[in-house]
Amino acid sequence: MSEMTYRDAINQALKEEMRRDKTVVTYGEDVALYEGAFKVTRGLLSEFGELRVRDCPISENTIVGVAVGAAMAGVRPVAELMTVNFALLAMDQIVNHMAKVRYMFGGQTTVPMVIRMPGGGGSQLGAQHSQSLESYFMHCPGMLVAYPATPADAKGLLKSSIRDDNPVIFLEHELLYNSKGEVPEDPEFLVPFGQAAVMTEGDQVTLVGYGRMAILALQAAQQLEKEGVSCEVIDLRTLAPLDMDTVLASVKKTGRAMVIEECWKSAGLGGDIASRIYEGCFDTLLAPVRRVSGLDVPMPYSRKIEKLCIPQVDGIVQGVRDLLNEPY
Amino acid sequence: MADTLRELLSEEELIGFYEQMVLCREFEESCAEQYSKGHITGFLHLYSGQEAVAVGCTAGLQQKDYILSAYRDHAQAIVRGADPKKVMAELFGKATGLCKGKGGSMHLFAPQLNFMGGYAIVGGQFPIAVGLAWGGQLLEEDRVTACFFGDGSMNQGTFHESLNWARLWDLPVLFICENNFYGIGTEVHRASAQAALHRRTCGYDIPSEKVDGMDVIAMYQATKRAAEWVRERQRPYFIEAVTYRFRGHSMSDPAKYRSSSETDVWKSRDPIINLSRRLLEEGIATQERLDEITKRCLARVEESVRFAEESPWPEDAEVWEDIYV
């Protein structure tokens, strides 16, 4: 184990997989010479050369489509979209092509590719650069979706993503890049898809999060512990496949659940998870499932009001208190 | 044309072109019949009239070269070598179809033949073609990627993004525009500010030429020359094949936006009749031999219909297969 940032963990995963497998290539806008808008690809060009680490034009739809074609040809591309917001320009290639070609061609091809996308709000980047679009990707079958919360999971999940023969949407939170944690050094360290992590055990309330929301949930749980409230925090780690078994087992134990989602509440993933909790735990629920969500507004710039739009630790803490006081 | 056919190609090749074009035409006409009977459903876009493009271009490529197409893809797949029985079964939605009945008319795919698919979002195949070309280049496979598309798709963003990218990275892509003059019902000059489509590639420093898409020999020669240029230089090239679809955009289109006199002019340039006339004039084939070929093609098409009819439907459980590896 060694301590490193979420950014460096992703960087290390890329380097290890590119050393292990010569068919792994990476490209994107300002990925090579500039070493990434968030410096995630630092040192890649100098180590692997310009055939395997390439800058490309600002053409998001084609960035994704090129990966689809290259993957069908037999290489393993890891494409970077500078931010998740720009994925909206590429939704045709993501949804109509990447997620469909295997199925509509009767299973005759595989699309082993990864699209890395930094995203999330909280950096005062305004309405067009602060979105959390994870529910969009979860909605569409045919692709895997990972959203790591910790440096270790960022590394292990990215390595699994690169080795997987399915297309993967790999979401990274911009505010987590500098967060630090212990990361295994074993080059075979992998985090499997579809396995949520129990970040801390508890018996009164289950908090379900992912990405930065899992970190906030954990901080809320630590605060609530001082009040004598015992929370179990679950980090989903991958949104597709979704590990509902771990969530349901926890809610059966605690009887109460809260889903924390950074995306907008309307048609957000929290509603889907809540409905699955109702279906699976109706008899054991002690209170309605709660959701702490991003507000249904375009993100404002001003920091005073931006924070109103994104789930905060205080809101989670208060929500848990309310949940426990809920009359049954 | 000064050259005689014999100077250009062997008798076997010429007869082969003729047979492939007739097979495609008979296949498509049979599809129309099966559609009217309700055996083929969904969208059905027929290739009748454009045969010289698929046949000439495919002959000008090597088997290892990738081919991608839009949704008007039956002929492209069959000429590449796909079994008409499997193609017809796919259109019937049967388990024995080329894609197990999951793709249908617009999504044929045969990777063992390097036929890398029919794509039904207009312009969706451009980036994928660029990616295939890049992948092949990285793996040092010496392939050309031939990307077929219609005139309408040249107004999609992916066209511009992909041509720019292919030239920027110097990738072996042969772009082949099948200009049949209509994007559904919108004539090319009503959709493209520059209606001379091949001239639109100058902004991407990609050389281009216009070829008679009703002449299979011209298509063959142009493609062969272009494909070797692309292979040698590892750079993209662009062919505009000027052609015409004899039927509407799809089976639901009566094509009222064009006059019958216009259609008649183009039908007088039918690529199959064209070639047969030259074969007869130059004594390469007799009428009897050509009739035999037509009969043989008809028999193959009838066999493919029979195969499709007798084939089983997909199992219900198939719905959940092939989403993930």
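This note comments on the cysteines, an annotated domain and one sheet of a predicted model.

1. Local features here need pLDDT of at least 70 and side-chain atom pairs count only at pLDDT 80 or more, while totals for chains, interfaces and linings use all residues. Side-chain values use heavy atoms, without hydrogens and water, residues are numbered from 1 along each chain as its sequence is written, and chains are lettered from A in the order in which they are written.

2. Over all chains there are zero disulfides, a disulfide being a pair of cysteine sulfur atoms within 2.5 Å. The sulfur of Cys140(A) has its closest cysteine sulfur in Cys263(A), 16 Å away and therefore too far for a bond; that of Cys202(B) is 15 Å from its closest, in Cys177(B), again too far.

3. Cys140(A), at 10% relative accessibility, is buried, whereas Cys202(B), at 63%, is exposed (buried is under 20% relative accessible area, exposed over 50%, partly exposed in between, with a 1.4 Å probe and protein chains only).

4. An unreviewed UniProt entry lists residues 4-179 of chain A as "domain: Transketolase-like pyrimidine-binding", and such annotations may be inferred rather than shown by experiment. This span is 36% helix and 17% strand (DSSP runs of at least four residues, H or I, and at least two, E, respectively).

5. In chain A, seven strands form an open sheet with mixed pairing, in the order S3-S2-S4-S5-S7-S6-S12, where pairing requires at least two DSSP bridges between two strands. The edge strands, each paired on one side only, are S3 (53-55) and S12 (238-240) of chain A. Strand S2 (residues 24-28) of chain A runs parallel to S3(A), joined by three bridges, and Thr26(A) stands opposite Val53(A) in S3(A).
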